[in-house]
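Let's take a walk through a protein together. Keep the picture open beside you and turn it around as you read.

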Amino acid sequence: MTREENVYIIRGATLPDTSTTDLLVKDGIIADAGTGISNASAQVIDAEGLIALPGLVDLHTHLREPGREDAETVETGSRSAALGGFTAVHAMANSTPVADTAGVVEQVHSLGLEAGWVDVRPVGAVTVGLAGERLAELGAMASSRARVRVFSDDGICVHDPVLMRRALEYVKSFDGVIAQHAQDPRLTVGSQMNEGDVSAVLGLGGWPAVAEESIIARDVLLAKHVDSRLHVCHVSTAGSVEIIRWAKARGVKVTAEVTPHHLLLTEELVRSYDPVYKVNPPLRTSEDVTALREALADGTIDVVGTDHAPHPSEHKECEWAQAAMGMTGLETALSVVQHTMIETGMMGWKDFARVTSTTPAAIGRVETQGRPLTVGEPANITLVDPDGRWSVVPARMATKGRNSPFKGMELPGKVQAVFFGGHPTVLNGELATRRPTAQAAK
């Protein structure tokens, strides 16, 4: 009997709960699970010693297309995501034109289907042109083919409290969520890095923690008042953690994310004046890093979001004051989280799956992602070698961006294989084949 295409047995994988199993992948689903599975037509993937995770889901990715294809495209960003172990990403709205209409989000959705490497979910803008003056077409984007459920002006704060309230009220009708970039614009005029002793020594404009914390405090109160869902993007300070913890204890429907770079890097790196470390929100103190790790471990912070922000080299290889803010993160996220959370003993692989897959899929209302690896579920699977180590070389990455703050670091965890809807997009650590567009559209 000849082997069927897209029928696979994943042999001897370790699940997040530490049990081992075989998984039969057929027709886009997990058709069987257990030990000693056989199927004469299947291709066998030796997964002994590998961790099998639900495919990673990113709530915060900048794919730049349309309009900034010099920085990234849906194709290159999707390839980068697949290599990083992701099977779904949410593409932020700050493209050119802004994703503030049904037409633009449907364009991004179609580009994702054509690329076929991951499930690309467009994020709709909260306000027209990200200008913060009037609400965008939230309902039209929600009912479009892209079925948008996450809305954000990320990169810019929705600073008008009346507009923020109206947005929170509006998305309740279709169970949407407003993802806020918490940054008071008046408190961060001319800011270049975290405000503190290091900024004073370097003579760079300080970015105070209160600029983030004051917006989060306002927004959790608004979310409580209108009984709507709020998601806080890239939390970066210990004070923000305490506000979110306070809000959750009082029943506010708030979720939050932390980036891999805020789990590892601190403001001390800015002493080099290397613009690769310039990011929004800025790298904070070691005390903030500790608080963020503890919050991710105890569930105060719900998910890891990469905030993958590629830039052309000329926008980073310049003097600090003129450099763009942002870092790449899709291909390094899994390894950085393993390094900061698993190797430190703060988290196991079961919790890792929760913060990188299950919960982000639930927040984004992506029903086919973040599912348990059991019979009948969609075969979105990532296989990781937890003992593998690799050195970060940005020039070898699939993303167009070379602005990785982890350049030269040796990190743990190597993605060995990724199945997206039962189709192998990554095998043996390398890109395999894209999922056919017709299949992905189902």
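At roughly what angle do the axes of helix α1 and helix α2 cross? Keep in mind as you look that this is a predicted model. The two helices are residues 74–83 for α1 and residues 102–115 for α2, and their axes cross at roughly 55°. Those axes come within 9 Å of each other. An angle between 35 and 65 degrees falls in the oblique range, so α1 and α2 are oblique to each other. Their crossing is also right-handed. If you want to find the spot where they meet, look for V74, E75 and S78 on α1, and for L111, G112 and A115 on α2.

While you're in this part of the chain, check out two prolines. P66 sits in the loop between β6 (56–61) and α1, and the peptide bond leading into it from E65 is cis, with omega near 5°. P97 is in the loop between β7 (86–91) and α2. The bond from T96 to P97 is cis as well, with omega near 10°. Why point these out? Because most peptide bonds are trans, these are worth a second look.

Now for the inside. The largest nonpolar core has 78 residues, and F151, L296 and F352 touch the most other members. Helix α6 (residues 209–226) gives the most to this core, with 6 residues. Zoom in on L296 to see what its surroundings are like: leaving aside neighbours within four places in sequence, L296 is in contact with V258, L263, I301, V303, V304, M341, M347, R354 and V355. Apart from this core lies another one, of 18 residues, including L202, V279, V336 and F406.

Two of the names you just met, M341 from the contacts of L296 and V336 from the other core, are also among the buried residues of helix α10. That helix covers residues 333–342, and 9 of its 10 residues are buried, so it is largely enclosed by the rest of the structure. The buried ones are A333, L334, S335, V336, V337, Q338, T340, M341 and I342.

Next stop: T188, in the loop between β10 (177–180) and β11 (193–194). Is T188 buried or exposed? The cut-off for buried is under 20% relative accessible area, and T188 has 8% relative accessibility, so T188 counts as buried. Its side chain reaches the backbone oxygen of D184 at 3.0 Å. Not counting residues up to four places away in sequence, T188 touches Q183, W207 and A211.

Let's finish with a pair of aspartates. Most residues other than glycine have a negative phi, but D175 has a positive phi of about 60°, and D307 has a positive phi of about 50°. Where are they? D175 lies in the loop between α4 (161–171) and β10, while D307 lies in the loop between β15 (303–304) and α10. Their surroundings differ in how much they cover: at 36% relative accessibility, D175 counts as partly exposed, whereas D307 is buried, with a relative accessible area of 6%.

How values were computed
Residues are numbered from 1 along each chain as its sequence is written. This is a predicted model: local features need pLDDT of at least 70, side-chain atom pairs count only at pLDDT 80 or more; totals for chains, interfaces and linings use all residues. Side-chain values use heavy atoms; hydrogens and water are left out. A nonpolar core is a set of buried Ala, Val, Leu, Ile, Met, Phe, Trp, Tyr and Cys residues joined through side-chain atoms within 4.5 Å. Buried means under 20% relative accessible area, exposed over 50%, partly exposed in between (1.4 Å probe, protein chains only). Helices (H or I, at least four residues) and strands (E, at least two) are DSSP runs, numbered from the N terminus. Contact means heavy atoms within 4.5 Å. A polar contact is a pair of N or O atoms within 3.5 Å; within protein, one must be able to donate a hydrogen and the other to accept it, and residues adjacent in sequence count only if both atoms are side-chain atoms. Axes are lines fitted to C-alpha atoms, for helices over the stretch in contact, and angles run from 0 to 180 degrees between N-to-C directions. Angles under 35 degrees count as roughly parallel, over 145 as roughly antiparallel, 65 to 115 as roughly perpendicular and the rest as oblique. A crossing is left-handed if the near helix is turned anticlockwise from the far one by less than a right angle, and right-handed if clockwise.
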